[in-house]
Amino acid sequence: MAQKTVIIIGAGIGGLCAGIALRRQGFDVKIFEKVREVRPVGAGLSLWPNGIQCLNHLGLGEQIAKLGGMMEDMAYIDGLTGETMCAFPLTPLWEKSGQRGYPVARAATQEMLMDEFGREEIALGMRLVGVEDLGETVVARFEDGTEVVGDFLIGADGAHSLVREHLLGPKARRYAGYVNWNGIVEIDTAIAPADRWTTFVAEGKRASVMPIGAGDDGEGRFYFFFDQPMPSGVAPERAEYRALLQESFAGWAEPVQKLIAAADGGAINRVEIHDIDPFMTWAKGRICILGDSAHNTTPDLGQGACMAIEDAVVLEDMLAAHADIPAALQAYQAARAERCADLVLRARARCDVTHGVDMAVTEAWYAELRQETGEAILSGISKTVEGSPVYAEFA
């Protein structure tokens with residue numbers, strides 16, 4: 001039987017994991033990426049046990065562990081006073097799941113996945129302009145006139161997915177109401193403990209650090225982010241980012257001021273946070289979508305990358321179980337759409353609580369944090385982790 005060809009549009013976390021997974025099933029995998037040089041958007045990722053279990057399944061457990069930070073605890077701190085509101089260990093979650101989670105640098109993770117797939121086999125500078133399902137094959141057409149024929153096609157082309165538009169028509173993105181600044185700094189225990197995910201909260205804003213793997217110099221690093229509610233459409237110059245953070249977080253506790261001072265202004269990313277209303281159609285015929293193309297979410301549950309990695313593993317599983325490709329893609333859709341819709345909506349609801357959409361609700365959350373012992377927070381994380389349809393299989 002002739003080897004079947006899969007075309008993957010997008011060389012992000014989801015697309016690369018799908019490529020690695022489907023090669024294991026004997027497919028001829030072709031990955032196309034529109035940018036000429038891959039520059040990851042965002043500095044860090046939260047990979048919880050469900051995502052790590054999937055990477056273990058793909059044979060990448062050792063590689064991701066080398067990139068991950070050792071995160072032992074979580075804490076919420078009053079951003080204005082520096083008072084600890086609650087702090088608790090993550091050990092119960094790691095023990096219950098049988099797997100430690102890791103915060104990682106997005107760039108290092110994407111580099112690792114590209115190396116595992118084979119950099120020379122990823123076609124860069126290939127901007128998709130159209131796809132067509134011909135019944136027995138599918139064609140991808142690119143801006144330079146190239147046409148590629150495959151047995152099926154996966155759209156892993158992100159929040160602005162052209163493949164999704166082919167399946168469903170335009171889907172409007174919803175502004176979540178806040179801007180996220182993020183980046184990487186060296187660990188400084190004057191900011192926060194080196195093994196803790198620390199989040200400062202006040203005024204509907206957040207400043208947070210979590211440990212990721214060491215840099216090239218061997219020094220430990222924090223992935224950091226700042227959230228600020230504000231209107232969309234503001235476009236300051238990068239040179240202004242640090243000054244804007246200083247202004248937005250003026251009067252906050254000294255560790256937050258140290259974090260802003262430590263950040264390299266030229267390397268701070270600024271992202272207006274959006275999501276897309278969930279939808280249930282992920283596949284038609286020989287075309288499907290995964291990752292942000294299928295479930296663009298706010299980062300408020302820290303599950304965006306894990307969801308994409310889960311997609312890749314479930315798609316591999318369904319293609320192994322069904323000889324008929326359209327049937328496999330429908331089975332993949334059935335296994336993934338409801339779970340991911342739930343996570344998108346849960347992230348949206350949490351976003352509204354934590355970012356001052358109604359400050360009375362946010363202040364009530366702050367009061368709850370001061371009474372919190374960690375069980376409720378860990379229970380929520382555990383529910384998300386164990387709700388994965390692949391978790392039980394690979395745990």
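**Exercise 1.** Which residue in β16 does R173 stand opposite?

*Solution.* Keep in mind that this is a predicted model. Start with the strands: β12 covers residues 173-186, and it pairs with β16 in the antiparallel sense over seven bridges. Now look for the partner of R173 in β16: the residue standing opposite is I276.

**Exercise 2.** Work out the strand order of the open sheet with seven strands, and find its edges.

*Solution.* Walk across the sheet and you get β5-β4-β13-β14-β15-β12-β16, with mixed pairing. The edge strands are β5 (84-89) and β16 (269-276), since each of them pairs on one side only. Ignoring direction, neighbouring strands here are turned by 20° against each other on average.

**Exercise 3.** Find what helix α8 and helix α11 touch or lie across, and at what angles they run.

*Solution.* Take α8 (residues 254-262) to begin with: this helix packs on the sheet and touches β12, β13 (196-202), β14 (205-212) and β15 (221-229). Its direction makes about 105° with that of β15. Then turn to α11 (residues 325-354), which lies across β4 (73-78), β12 and β16. Against β16, α11 runs at about 125°.

**Exercise 4.** Is V148 buried or exposed? List its contacts too.

*Solution.* Locate V148 in strand β10, residues 147-150. Its relative accessible area is 11%, and buried means under 20%, so V148 is buried. Leaving out residues up to four places away in sequence, V148 touches I7, K30, F32, V138, V139, A140 and F142. Pick K30 from that list: K30 and V148 are 118 residues apart along the chain, with their C-alpha atoms separated by 9.3 Å.

Terms used:
Residues are numbered from 1 along each chain as its sequence is written. This is a predicted model: local features need pLDDT of at least 70, side-chain atom pairs count only at pLDDT 80 or more; totals for chains, interfaces and linings use all residues. Side-chain values use heavy atoms; hydrogens and water are left out. Helices (H or I, at least four residues) and strands (E, at least two) are DSSP runs, numbered from the N terminus. Buried means under 20% relative accessible area, exposed over 50%, partly exposed in between (1.4 Å probe, protein chains only). Contact means heavy atoms within 4.5 Å. Two strands pair if DSSP finds at least two bridges between them. Axes are lines fitted to C-alpha atoms, for helices over the stretch in contact, and angles run from 0 to 180 degrees between N-to-C directions.
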